[in-house]
Amino acid sequence: MLPAMISETFPTDETWRPGTRMAFRFALAWFVLIDLPFPLNAFPPLERVTEPLDAMWAAIVSFAGRHLFGLQQIAHETTGSGDRTYDYVLLFCQTAIAVIVTVLWSMFDRRREYKTLHAWLRVYVRFALAAAMLTYGAYKVIPAQFPPNSPFRLSETFGDASPMGLLWAFMGASAAYTIFAGLGEVTGGVLLIFRRTALLGALVSMAVLANIVMLNFSYDVPVKLYSSGLFLHGVFLVIPDLRRILDFFVLHGPTTPLQEPVVIASPAFRRAAPFLATAFMLTLFGFPLDASYKQLRTRLDGGPLYGIWTVEAFSADGASLPPLLTDSLRWRRLTFHGKSIAWVQLMDDTRQPYVATLDERARTLTLAPREKPAQKSVFAYAKPQPGLLTLRGTHANRKVDITLRSKDLSKFLLISRGFHWINEVPFNR
């Protein structure tokens with residue numbers, strides 16, 4: 001019974017069942033709506049061409065938010081999250097439009113099969129999924145997505161980390177594992193590009209994406225909608241082969257090749273197709289690989305003050321402040337995450353983010369609270385000897401003098417422990 005049911009999903013005979021035709025119409029409308037403007041958005045030089053489409057969706061989401069969900073304003077600004085209110089309303093609108101298209105199409109179209117159109121949709125979904133896999137893989141093969149743990153991460157306790165921060169720290173602790181994960185994504189993307197290996201590519205991508213989706217849901221990473229959508233791309237690509245997969249791996253029976261229509265019958269194009277696909281793949285992979293390399297270099301170049309600076313002495317208005325846990329003014333640590341990112345850890349262990357501006361010529365350091373950038377603190381800084389930093393200026397309306405000493409990051413166990421072939425006992429701390 002199960003093999004017979006599976007074989008009716010997008011069959012290759014001349015007549016499709018009504019439910020299958022309707023499912024295909026919805027799939028075509030839905031995948032095109034969520035994937036557009038691909039392939040234009042896969043090439044950075046063409047990204048501006050997609051702005052009118054973005055503006056159109058923003059207007060539709062705003063309208064739906066007001067009239068269907070009572071949301072007077074939906075923020076559209078890019079925040080790094082793919083699970084914003086905007087994204088949920090957008091997905092609702094795209095799904096609703098796909099349903100409307102399906103109903104209208106079913107009312108007026110009496111065709112009994114869509115073999116050629118199905119073949120074209122499979123090509124489009126294949127390449128859209130391949131682009132995503134190659135892009136995310138590029139940012140792991142060159143580990144810019146999960147760079148080495150920053151001074152902020154190294155000085156943060158496990159209990160203070162967010163679930164997402166803990167995941168980033170775990171991945172950032174091992175470049176080898178990050179690269180391995182990226183190679184899995186790249187492998188799936190490369191196999192998807194070529195027709196003969198597309199099924200294997202879809203299966204590899206689904207396996208990789210299943211893990212990614214679980215990580216996103218389990219560690220509250222705000223890419224749940226997007227990663228789940230990518231997994232559905234793989235499901236769509238595998239559906240026509242489900243019967244053959246079941247026959248081979250479960251029932252241990254013979255299988256026959258899936259006969260797919262040729263989307264372009266030109267002999268010249270078919271000869272050139274592997275070279276065109278290879279060029280397209282290299283282009284899809286090349287842009288994010290270059291961006292990943294540049295991003296990682298920027299992150300690793302933390303500037304002259306990069307690191308963790310422990311406060312040895314802190315005075316305010318000429319009075320020395322002892323390191324009391326009840327003191328709300330005295331600093332405990334100053335951490336430079338990069339050239340423009342700094343965190344101040346107070347004596348009660350609360351952390352405050354700052355935007356840092358270093359003027360090496362004037363020897364000044366400006367710290368602006370991220371939430372209240374107008375409340376700047378400007379310090380004259382000096383490094384009287386290696387590993388020692390002094391700050392003198394005004395902070396919280398008090399004249400402060402601060403002496404800080406750098407911490408050797410290589411002494412952290414997470415960095416120094418390394419790899420061991422032989423472990424007589426587990427080293428689990």
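Reader: How are strands defined, and when do two of them pair?

Author: Strands are DSSP runs of E with at least two residues, helices are DSSP runs of H or I with at least four, and both are numbered from the N terminus; two strands pair if DSSP finds at least two bridges between them. In this structure, which is a predicted model where local features need pLDDT of at least 70, side-chain atom pairs count only at pLDDT 80 or more and totals for chains, interfaces and linings use all residues, the hairpin of β7 and β8 has two residues between the strands, and G387 takes a positive phi near 85° there. Residues are numbered from 1 along each chain as its sequence is written, and side-chain values use heavy atoms, with hydrogens and water left out.

Reader: In which sense do β7 and β8 pair, and over how many bridges?

Author: Strand β8 (residues 388-395) pairs with β7 in the antiparallel sense over six bridges, and A380 stands opposite R392 in β8. On to the next strand, β9 (residues 398-406): eight bridges join β8 to β9, and these two run antiparallel, with L391 opposite I402 in β9. The hairpin of β8 and β9 has two residues between the strands, and A396 takes a positive phi near 55° in this hairpin.

Reader: How does one read the surroundings of a single strand residue such as A382, and is A382 buried or exposed?

Author: In a regular strand the side chains alternate between the two faces of the sheet. Buried means under 20% relative accessible area, exposed over 50% and partly exposed in between, with a 1.4 Å probe and protein chains only. A382 is found in strand β7 (residues 377-385), and because its relative accessible area is 31%, A382 counts as partly exposed. Contact means heavy atoms within 4.5 Å, and, leaving aside neighbours within four places in sequence, A382 is in contact with R363, L388, L389 and T390. The C-alpha atoms of A382 and T403 are separated by 9.8 Å, although these residues are 21 apart along the chain.

Reader: Which residues other than glycine have a positive phi in loops?

Author: Among them is H252, with phi near 55°, which has its place in the loop between α11 (242-249) and α12 and counts as exposed because its relative accessibility is 67%. D317 also has a positive phi, of about 55°; it lies in the loop between β1 (307-316) and β2 (319-320), and at 49% relative accessibility D317 counts as partly exposed.

Reader: Where are the cis peptide bonds that involve P37 and P39?

Author: The bond from L36 to P37 is cis, with omega near 10°, and another cis peptide bond joins F38 and P39, where omega is about 10°. P37 lies in the loop between α2 (18-35) and α3 (51-69), and P39 has its place in the loop between α2 and α3.

Reader: How far can the prediction be trusted, in terms of pLDDT?

Author: The pLDDT is the predictor's confidence in each residue, from 0 to 100. The protein chain averages a pLDDT of 89, and 96% of the residues score at least 70. Over residues 1-10, however, the pLDDT is below 50, and this stretch has 21 contacts in the model beyond near neighbours in sequence.
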